Amino acid sequence: MVDIVAGMDPVGWGILAPGKIARKFVEDLALVPEARVAAVGSRRLESAQAFAQQYGGTPYGSYAELVADPAVDVVYVASPHAFHPEHVRLAVDAGKPVLCEKPVALNAAQAEEMFAHARERGVFVMEAMWTACHPLVRAMLERLASGECGRPLQVVADLGFAVDALPTSRMLDPALGAGALLDMGIYPLTLAHLVMGQPVEERAVATVAGGIDMDVAIATRYAGGGTAALTASMAAWTSRAASVATDLGRFDLPAEFHHPTEILWRPLGGRDGEAERLVPGVPVIGRGYGNEVVEVHRCLAAGLTESPVVPAAQTLAVMRQMDRIREQIGVRYPGDRVRA
C-alpha cells in the first residue's frame, strides 16, 4: 500500500470518473492544503482533459492508466454504483488506497467481496460517507455517547429531491442501481445506524415505477427500545431534515441534514425557542467532502487499512439493510443473489 507520512508533499489524488459528484469533491479537496489532484481518468480522454483543465492533474483516457500513475497516492472512485466493485478492485490491485462513493456496490455480497479483497491485499478502502465524517454529526454522536443528552429513542430523517433527468440517465437506469433507496435513502439509514446501531425489525413500503423505487418509507425498531422513521424520494422536494429524540431532549438537524450547517440541541422542559447550537471539534471543510479527505489522510498516515470513523462493518450493515428493504419492496438489480 502507498506509504503516506504527515509532513511530506501533498497527497496526490486520482479522480476516477469526472462527473458531477467528482467536481463537487475536488472543489473541497482544493481546500485541504495536504491534498492535490494528481490525475483524472475517464472512458473518454476528452472528458478527462476538460476536467484536468479546470481542476489540474494529468488526464487519462482509461482507468487503468490512472491507477498506474505513480503520482497517484489515493484513488477517488466516482463512477456509477454498478461499476464500483470493478473500479475499486482495479485500484486495489494497483496497490492504491481507495475512497469510494456511496453506495460502494449494488448489494451487500458485492461489497463484502470488495472489502475482503482489499483486506487480502492490505489496501485501504473507505466508503465516501461524508455524513459520518462531518464534524457537527461527530459532535452530536459524542454528546450522545457521553450520556449527558440522555438515551436516543427516536430518529426521524428524510431526504428527497425531484429528480429531473433524461430517461437514459443513470438516475433512472435499474442496471446502474437507480432508485431513491440507494441514492438518497442511504443517508437516513446511515444516520439511524450511527445513532441507534443495528435494527431488530424493519418494515418498508415504496412506490415502484420502471423497476426502480421512486419513493420509499422505512420503519425500524431497535433492541434498546428505540425506533426510526426514514423516508427518501426521487419524485418530491421533501424537507430533507432530521431529528434525534432522547429521554432528555432533541437534536434537530435542519434541511440538508446529511451535511448540516447547524445542529440544535433542545433540552426537555426548556423555554420555548431555547436551543444550543453544537460546536464542532474541528472546522467543516467546504461542504464537508474535505473532512472525508482529512480522514483518509489520517488513516493512511497511521498505517490503517480501514477507517474507524467509516468502518467496513458499518458500510456492510447498511448495505445488508438496503438488501432487505429492496426484497420487501420488490426492487432487484443485476448481480443480486436469489434466496432459496
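Two strands are taken to pair when DSSP finds at least two bridges between them. With that in hand, a good place to begin in this predicted model is strand β1, residues 11-16, which runs parallel to β4 and is joined to β4 by four bridges. Within this pairing, I15 has Y76 of β4 as its bridge partner. On to the next neighbour: β4 also runs parallel to strand β5, residues 98-100, and three bridges join the two. Here V75 stands opposite V98 in β5. To get from β4 to β5, the chain passes through helix α4, residues 84-93, in a β-α-β crossover that is right-handed.

Strand β4 itself, made of residues 74-77, is covered on both faces. V74 and Y76 lie on one side, V75 and V77 lie on the other, and all four are buried.

The view can now widen to the interior. In soluble globular proteins, nonpolar side chains tend to be buried together. The largest nonpolar core of this model has 111 residues. Those with the most contacts inside this core are W13, I15, F25, M140, V155, V195 and F251. Helix α8, spanning residues 180-196, gives the most to the core, with 12 residues. I15 thus appears twice in this account, as the bridge partner of Y76 and among the core residues with the most contacts.

Helix α8 also has a packing partner in helix α7, residues 135-146. The axes of the two helices are 10 Å apart and meet at an angle of about 30 degrees. Because angles under 35 degrees count as roughly parallel, α7 is described as roughly parallel to α8. At this contact, V137, M140, L141 and L144 of α7 meet L191, L194 and V195 of α8. M140 and V195, one from each helix, are also among the residues with the most contacts inside the core.

Further along the chain comes a run of antiparallel strands. Strand β8, residues 199-209, pairs with strand β9, residues 212-222, in the antiparallel sense over 10 bridges. V205 has A217 in β9 as its bridge partner. These strands form a hairpin with two residues between them, and G210 in the turn has a positive phi of about 65 degrees.

Strand β9 then continues the pattern with strand β10, residues 227-233, to which seven bridges join it in an antiparallel arrangement. In this pairing, L230 of β10 is the bridge partner of I218. A hairpin is formed here as well, with four residues between β9 and β10. In its turn, G225 has a positive phi of about 105 degrees.

How values were computed: Residues are numbered from 1 along each chain as its sequence is written. This is a predicted model: local features need pLDDT of at least 70, side-chain atom pairs count only at pLDDT 80 or more; totals for chains, interfaces and linings use all residues. Side-chain values use heavy atoms; hydrogens and water are left out. Buried means under 20% relative accessible area, exposed over 50%, partly exposed in between (1.4 Å probe, protein chains only). A crossover is right-handed if, with the strands pointing away from the viewer, the path from the first strand over the helix to the second runs clockwise. A nonpolar core is a set of buried Ala, Val, Leu, Ile, Met, Phe, Trp, Tyr and Cys residues joined through side-chain atoms within 4.5 Å. Axes are lines fitted to C-alpha atoms, for helices over the stretch in contact, and angles run from 0 to 180 degrees between N-to-C directions. Angles under 35 degrees count as roughly parallel, over 145 as roughly antiparallel, 65 to 115 as roughly perpendicular and the rest as oblique. Contact means heavy atoms within 4.5 Å.
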